[in-house]
Amino acid sequence: MDAVISGSSLPPVRTVTSIISPSAPCTSTSSSLPFPHFHCSAKLSFHSSPTIFRRTTTITKRRLRNSSSSSSSAVPRFTVSCGAGVVEINESQFKDTVLNSNRPVLVEFVANWCGPCRLISPAIQSLAQEYEDRLTVVKIDHDANPRLIEEYKVYGLPTLILFKNGQEVPESRREGAITKVKLKEYVDALLESISVP
């Protein structure tokens with residue numbers, strides 16, 4: 001999968017994902033490209049089975065600092081913000097907000113450095129507002145909540161998981177970017193499968 005992600009407020013980002021053999025070294029790397037305005041980072045993660053890995057390489061265009069302050073370049077920082085209807089929670093709030101909820105909860109695992117997470121953020125916010133009477137939508141930061149990431153085996157971002165009655169709904173896990181139309185179809189099918197009017 002090779003996608004170019006760009007927007008008026010974001011620098012161009014190229015993400016390349018490929019399946020590699022299990023004999024490849026399982027390390028994360030971060031290096032500078034031979035071009036002075038670009039930065040490259042790679043991440044290896046388990047794919048659908050323990051013997052297949054997914055390697056994701058992200059190339060981001062750097063912002064140049066004022067040449068008088070420093071000759072180095074800075075990688076821009078972005079955040080995945082919560083809109084109305086989406087609540088950001090952490091590990092300590094997970095039990096009360098998700099597991100003890102009396103209605104279905106859609107959990108979105110995201111990270112600020114994740115381009116696809118930023119892409120689907122408006123669709124998730126819109127969904128949270130549209131389904132607020134039937135569904136609670138929460139966001140969990142990948143980097144700040146490692147115990148939850150490990151417990152729920154979140155290997156790719158963004159990851160969506162629907163919970164009902166304190167349990168993960170079977171077949172509800174979805175990984176990667178998704179359009180607003182496909183997101184609505186996904187949620188409608190899940191809510192129908194668990195009999196939520």
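In the predicted model, helix 4 comprises 14 residues and spans 20 Å from its first C-alpha to its last, close to the 20 Å expected at 1.5 Å a residue. Five residues of helix 4 are listed as buried, namely Leu183, Tyr186, Val187, Leu190 and Leu191. Viewed down the axis of helix 4, the buried residues occupy an arc of 125 degrees and therefore line one face of the helix. Val181, Glu192 and Ser193, on the other side of helix 4, are exposed. The cover over the buried residues of helix 4 includes strand 9 (105-110), helix 2, strand 11 and strand 13. Just after helix 4, the backbone at Ser195 adopts a positive phi of about 60 degrees.

Helix 4 also takes part in the nonpolar interior. The largest nonpolar core contains 21 residues, and those with the most contacts inside it are Leu106, Leu127, Leu135, Val137, Leu183, Tyr186 and Val187. Two or more residues of this core are contributed by each of helix 2, strand 11 (159-164) and helix 4 (180-193). A second core, separate from the largest, has 19 residues, among them Ala111, Val154, Ile161 and Phe163. In soluble globular proteins, nonpolar side chains tend to be buried together. Within the largest core, Val137 is one of the residues with the most contacts. Excluding residues up to four places away in sequence, Val137 touches Gly85, Val86, Val87, Leu106, Ile124, Leu127 and Ala128. Of these partners, Leu106 and Leu127 are likewise listed among the core residues with the most contacts.

Aromatic packing was examined next. Three aromatic pairs are present in the structure. One of them joins Phe94 and Tyr152 in a tilted arrangement, with 5.4 Å from centre to centre and 50 degrees between the planes. Phe94 belongs to helix 1 (residues 91-99), whereas Tyr152 is in the loop between helix 3 (146-151) and strand 11, so the pair links parts that are 58 residues apart in sequence. Both members of this pair, Phe94 and Tyr152, are buried. Phe94 also pairs with Phe163: the ring centres are 5.7 Å apart and the planes stand at 85 degrees, so this pair is edge-to-face. With Phe94 in helix 1 and Phe163 in strand 11, the pair ties together parts that are 69 residues apart in sequence. The relative accessible area of Phe94 is 3%, and Phe94 is therefore buried. Phe163 is buried as well, with a relative accessible area of 1%. Together, Phe94, Tyr152 and Phe163 make up one aromatic cluster. Phe163 is in addition a member of the second nonpolar core.

The loop between helix 3 and strand 11, in which Tyr152 lies, contains further backbone features. Lys153 is located in this loop and has a positive phi of about 50 degrees, although Lys153 is not a glycine. Pro158 is also placed in the loop between helix 3 and strand 11. The peptide bond leading from Leu157 to Pro158 is cis, with omega near -10 degrees.

The loop between strand 12 and strand 13 includes Glu171, a residue other than glycine whose phi is positive, near 65 degrees. Glu171 counts as exposed because its relative accessibility is 78%, above the 50% cut-off. Ser172 is found in the loop between strand 12 (167-168) and strand 13 (174-175). In contrast to Glu171, which is exposed, Ser172 has 0% relative accessibility and therefore counts as buried. A polar atom of the Ser172 side chain lies 3.2 Å from the backbone nitrogen of Leu162. Apart from neighbours within four places in sequence, Ser172 is in contact with Leu160, Ile161, Leu162, Tyr186 and Leu190. Among these contacts, Tyr186 and Leu190 are buried residues of helix 4, and Ile161 is part of the second nonpolar core.

A further loop position is Asp133, which lies between helix 2 (115-130) and strand 10 (136-141). Asp133 has a relative accessible area of 60% and is therefore exposed. Asp133 and Arg103 are 30 residues apart in sequence, with a C-alpha to C-alpha distance of 9.6 Å.

Note on methods. Residues numbered from 1 in each chain as written. Predicted model: local features only at pLDDT ≥ 70, side-chain atom pairs only at ≥ 80, totals over all residues. Heavy atoms only, no water. Helix = DSSP H or I, 4+ residues; strand = E, 2+ residues; numbered from the N terminus. Buried < 20%, exposed > 50% of the residue type's maximum accessible area, 1.4 Å probe, protein only. Polar contact = N/O pair within 3.5 Å; in protein donor to acceptor, adjacent residues only side chain to side chain. Contact = heavy atoms within 4.5 Å. Core = buried A, V, L, I, M, F, W, Y, C linked by side-chain atoms within 4.5 Å. Phe/Tyr/Trp six-rings, centres within 6.5 Å; stacked < 30°, edge-to-face > 60°. Expected span 1.5 Å × (residues − 1). Arc of directions from axis to C-beta.
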